[in-house]
Amino acid sequence: MTEGTAVPATPAGHLEQPADTYTDETPPPAPLPAPTLADVEAARRVVEGVVRVTPMETSQFLAEILGSPVHLKCENLQRTGAYKLRGAYNRLAALSEDERAHGVVAASAGNHAQGVALAARELGIRATIFMPVGVALPKLQATRGYGAEAVLHGNTVEEALAAAKDHAASTGAVFIPPFDHPDIIAGQGTLGLEVLEQVPDADTVVVPIGGGGLISGMAIALRGMAERRGRPIRIIGVQSANAAAYPVSLAAGAPTTIATTPTIADGIAVARPGEMNFPIIRDLVDEVVTVSDDDVSRALVLLLERAKLVVEAAGAVGVAAIMTGDVHDTGRTVVVLSGGNIDPLMMERVITRGLVAAQRYVAVRVMLPDRPGQLTRVSQIISDAGANVVEVLHTRHGLGLDISEVALDLSIEARGPEHAEEVQDRLREAGYRPQLQE
């Protein structure tokens, strides 16, 4: 699938359950039924008082890009910093007394870990969370701060997941999946009810997709409420182009495992759709689009500057899709900012990448004759153009340099693509040959 390509899902209809294949004579267990709107409404009553009703903000800048009003559902301001608490609390609250006595176990590198940890604390249940060794320190500290036992195991979430399932098998602890369970889906769906309470006339809702727990729950709520009110609603999912399992799976007609590549939107980097989530998304979500890491970086910078909101990369993909034009004008639009748990070190890198992608931070190489005064002259030209030099590398060594030349590598702060081009034009007018660097 190419970046930005939309794959339409099947129009709303019957939600089919996937069938597992069994090779022995043991009959398969009855599949858990997919949740309904009634289940989501019941989950709302369960999580009420624990989950915050998060703010709904407007964005004039995004509205000008889209051509319609844009609202931002600030789930980045939820307790634990993400929507995950909704599903985790709803699942844990449904456990029997015997199950609670055995405790719960989960595996996560971030938001699911914190959601389960806080839900367990609120309900007085012992929680063990397996996390990969390289997990970001703030996420590890937060998980422990909510009272869970955080166990570092393996180098990937998959290795932590295997350890969590082994722990469940050996101790009797209840394994809490991140997205593929009806209680989890119904809990996440409560966010859809909030959206329509805050923006009753919403025409389109844009939602990030990882495994599919959030958008499948929201789709059940949004589609059900829209039908109850007698008005249509459009639901668009957004994935990272580096971990886009849903477009491939929708095209294949079944959950398909893909090879993911690293992405800054690690919170939605899931290689295979959830078995229960997939048919819900196939039947109730209108389309799925993808965005690049550069797109997401620009969106994060925009949210910081214009909306004054700290959002993690996975939570900003919907904004990125509007900025790239992959979400078209479909009326009053709500974009879900699904989380705000971003490591400060990652934020620094993402902001820099976003500024580079927007050509507000530009790397330029200028070849100079090797004689005194050239560095001063180039600096003055850039200053007169209203730009600022933040870093300089002046070298006589390198391939392609004549014996009488030096290379000047400049990092320049500009106001955007037009201003960056103006700076280069000024250098060309002075007889230099600036080369834009990656």
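Colleague: Given that helices (H or I, at least four residues) and strands (E, at least two) are DSSP runs numbered from the N terminus, how many of each are there in the protein chain?

Modeller: This is a predicted model, in which local features need pLDDT of at least 70 and side-chain atom pairs count only at pLDDT 80 or more, while totals for chains, interfaces and linings use all residues. Residues are numbered from 1 along each chain as its sequence is written, and side-chain values use heavy atoms, with hydrogens and water left out. On that footing, the protein chain has 16 helices and 15 strands.

Colleague: What radius of gyration does the protein chain have, beside that of a compact globule?

Modeller: The radius of gyration is taken over C-alpha atoms, and the globule rule is 2.2 Å times the number of residues to the power 0.38. The C-alpha atoms fill a box of roughly 85 × 50 × 45 Å along the principal axes. For 438 residues the rule gives a radius near 22 Å, and the value for the protein chain agrees with it, being 25 Å.

Colleague: Of the contacts between residues at least 6 apart in sequence, what percentage join residues at least 24 apart?

Modeller: Of the 438 residues, 53% count as buried, a word that stands for under 20% relative accessible area, whereas exposed means over 50% and partly exposed lies in between (1.4 Å probe, protein chains only). Contact means heavy atoms within 4.5 Å. Among the contacts between residues at least 6 apart, the share joining residues at least 24 apart is 74%.

Colleague: Which residue, 256 places from Ile322 along the chain, has its C-alpha atom 6.6 Å from that of Ile322?

Modeller: Ile322 is found in helix H13, and Ile322 counts as buried because its relative accessible area is 1%. Leaving aside neighbours within four places in sequence, its contacts include Leu62, Ile65, Val70, Val327 and Val335. The residue whose C-alpha atom lies 6.6 Å from that of Ile322 is Leu66.

Colleague: Is Thr190 buried or exposed?

Modeller: Thr190 lies in helix H8, which runs over residues 182-198. Outside its neighbours within four places in sequence, Thr190 is in contact with Val40, Ala43, Arg44, Val47 and Arg86. Since its relative accessible area is 0%, Thr190 is buried.

Colleague: Which residues are linked with Arg86 in a network of salt bridges?

Modeller: Side chains of opposite charge can pair when their charged atoms come close. A salt bridge here is a side-chain nitrogen of Lys or Arg within 4 Å of a carboxyl oxygen of Asp or Glu, and the structure holds 19 salt bridges. The residues that share a network with Arg86 are Lys73, Glu75 and Glu194.

Colleague: Which residue forms a salt bridge with Arg223, with the closest N and O atoms 3.2 Å apart?

Modeller: Arg223 in helix H9 (residues 213-229) and its partner, in the loop between helix H11 (277-284) and strand S10 (287-291), are 63 residues apart, so that the pair links distant parts of the chain. Arg223 is buried, because its relative accessible area is 12%, whereas the partner is partly exposed at 23%. That partner is Asp286.

Colleague: How far apart are the closest N and O atoms in the salt bridge of Arg428 with Asp425?

Modeller: Both residues lie in helix H16 (residues 417-429), three residues apart, which is about one turn of the helix. Arg428 is partly exposed, with a relative accessible area of 38%, and Asp425 is also partly exposed, at 32%. The closest N and O atoms of the pair are separated by 2.7 Å.

Colleague: Is Arg91 buried or exposed?

Modeller: Arg91 lies in helix H3 (residues 84-93). Not counting residues up to four places away in sequence, Arg91 touches Val174, Ile176, His181, Asp183 and Ile184. Because its relative accessible area is 12%, Arg91 is buried.

Colleague: What is the phi of Lys308, a residue that is not a glycine?

Modeller: Lys308 is found in the loop between helix H12 (293-307) and helix H13 (317-324), and Lys308 is exposed because its relative accessible area is 64%. Thr80, in the loop between strand S3 (70-74) and H3, also has a positive phi, near 70°, but Thr80 counts as buried, at 7% relative accessibility. The phi of Lys308 is positive, at about 60°.
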